[in-house]
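User: I am new to this structure and would like a close look at a single part: the way helices pack against one another in one chain. Please go through it step by step.

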Amino acid sequence: MALKSRDDQAFSYLYDHYSGSLYSIILQIVKSPEIAGDVLQEVFINIWRKIESYDPLRGRLFTWMLNISRNASIDMLRSKGYINNQKNQEITDNVYGSDQVTQTNIDGIGLTKFLEKLKPEQRVLIELAYLKGYTHEEIAQIEDIPLGTVKTRIRNALLQLRVYLK
Amino acid sequence: MNPQEYILSGIVESYVLGLASPEDSAEFERMCDAHHEVRAARNAFELQVEQSLIHQKLEPPRVLKSRIFSEIGMEKDKQPPGIIANTPALIPRKGFARYVAAASLIMLLGSVLLNLYLLDQYKKSIAQYKELIATQTQIAGANQVMQTKLETYENALGLMKNPKMAIVKMPGMPASPAPSSMATVYWNTESKEVYLLVNQLPMPVPDKQYQLWAIVNGHPVDVGIFDMDKNFSFIKLKTIPKAEAFAITLEKKGGSTTPTMDAMYVMGKVTG
């Protein structure tokens, strides 16, 4: 595989082909375009470094890259720098009252569009699980609902996702 | 849980989207390996996700691509030049290749040791082979000696068994230099051939030889000289058509025309 031998051309094709989709997912998680750009850069450098650990038997290349992107985004969410930045942002937002600016960018895209179709109680859980990276146990604590309920709702939401994507 | 129920449990979606716990993921990978339908369901869902997301893209900032590629380029510069040339063989060995390399080394070492062992065995075999050849030659030689001896004995036995053979015993004379001497003449009455068997005679001095005589009409007739170097064997001498007696004298080397009477060792009369 050309990519595994770190062919520049192949990597360039990969970037042109997938960066838009990955960027949109990253943006939905980290919300800020500036931070999403940083994360996307980190993601592609990681793809380039770790391409040899990609195992085609375990899934498609896109799935692999998607999960790298999501993990990097959630790591960013939890980083000290991001948390401080968000605090400042909130203060600024409160001062200027302009919460919509970043939000509007990602409306109607990918997961967000899908999330709109879910029941509210499912949507909250999917957002916490997929976009914030919380475990089922953490979600049960945050939402103060039984773990079994969390699991059932997430499971039903995911099964709906399959139908929706068809 | 059968594969169909398993597929509908939501695990496919959780796994693909990275929501499954590590235990559930490991379980799912085992199920994928074991059931092609699980694998097929995973692949189908992956395609759905990919196709829906591929059309819903947001263009990232344009500068990003060059930033990423310059960073990658810097990483490449840190690596040995061989890597940049994109020669897969020179890429640092990872995972499987490392095992293959290790296995090759182990096999090479094993092969060297085996060769040394075989060389040693070969040398031992060569030595054993040479030893065997020597023994074999020795045995063949001994066998030949035995064969010759056996032939001699068979001939002797044949002579003794021959019913036409007249046997003339020649005991030592009272006046003989060695009175306990004894010899026997085997005389074929048909072919008239004379064979001499020395039973006991003293070894002659080097310049003397024994000579057998036939007494024909009272006169001694030369039958031939003989040596004592052969052990227990019949000595074939001249053919004598007619004789009354046989006698042996010790003569000068090469024999005499007339016997030296005072050196007569044995004598025997032909009977019948």
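Analyst: Helix 1 of chain A and helix 2 of chain A meet in a right-handed crossing. This is a predicted model. The two helices cover residues 8-30 and residues 33-50 of chain A, and their axes come within 9 Å and cross at roughly 135 degrees. Angles over 145 degrees count as roughly antiparallel and those from 65 to 115 as roughly perpendicular, with oblique used for the rest outside the parallel range. Helix 1 of chain A and helix 2 of chain A are therefore oblique to each other.

On the side of helix 1 of chain A, the contact is made by A:Phe11, A:Tyr15, A:Ser19, A:Leu22, A:Tyr23, A:Ile26, A:Leu27 and A:Val30. An α-helix has 3.6 residues a turn, so residues three or four places apart point the same way. Helix 2 of chain A answers with A:Pro33, A:Ile35, A:Ala36, A:Val39, A:Leu40, A:Val43, A:Phe44 and A:Trp48. By class, the residues of this contact are 15 nonpolar and one polar, with no charged residue.

Helix 1 of chain A is not straight: a bend of about 50 degrees falls at A:Tyr18. Its end C-alpha atoms are only 29 Å apart, where a straight helix of 23 residues would span 33 Å at 1.5 Å a residue. Just after helix 1 of chain A comes A:Lys31, with a positive phi of about 70 degrees.

Further along chain A, helix 9 (residues 147-165) takes part in two packings. One is with helix 7 (residues 120-131) of chain A, at an angle of about 90 degrees and with the axes 9 Å apart. That angle makes helix 7 of chain A roughly perpendicular to helix 9 of chain A. From helix 7 of chain A the contact takes A:Glu121, A:Gln122, A:Leu125, A:Ile126 and A:Ala129, and from helix 9 of chain A it takes A:Val150, A:Arg153, A:Ile154, A:Asn156 and A:Ala157. Six of these residues are nonpolar, two are polar and two are charged.

The other partner is helix 8 (residues 136-143) of chain A, whose axis comes within 9 Å of that of helix 9 of chain A and crosses it at roughly 110 degrees. Helix 8 of chain A and helix 9 of chain A are therefore also roughly perpendicular. Their crossing is right-handed. Helix 8 of chain A contributes A:His136, A:Glu137, A:Ile139 and A:Ala140, while helix 9 of chain A contributes A:Leu147, A:Val150, A:Lys151 and A:Ile154. This contact divides into five nonpolar residues, one polar and two charged. A:Val150 and A:Ile154 of helix 9 of chain A thus appear in the contact with helix 7 of chain A and in the contact with helix 8 of chain A.

Terms used:
Residues numbered from 1 in each chain as written. Chains lettered and ligands numbered in written order. Predicted model: local features only at pLDDT ≥ 70, side-chain atom pairs only at ≥ 80, totals over all residues. Axes fitted to C-alpha atoms, helices over the stretch in contact; angles between N-to-C directions. Helix = DSSP H or I, 4+ residues; strand = E, 2+ residues; numbered from the N terminus. Parallel < 35°, antiparallel > 145°, perpendicular 65-115°, else oblique. Left-handed = near helix turned anticlockwise from the far one by under 90°. Contact = placed C-beta atoms within 7 Å. Nonpolar A, V, L, I, M, F, W, Y, C, P; charged D, E, K, R; others polar. Expected span 1.5 Å × (residues − 1). Bend = angle between axes of the 7 residues up to and from the residue.
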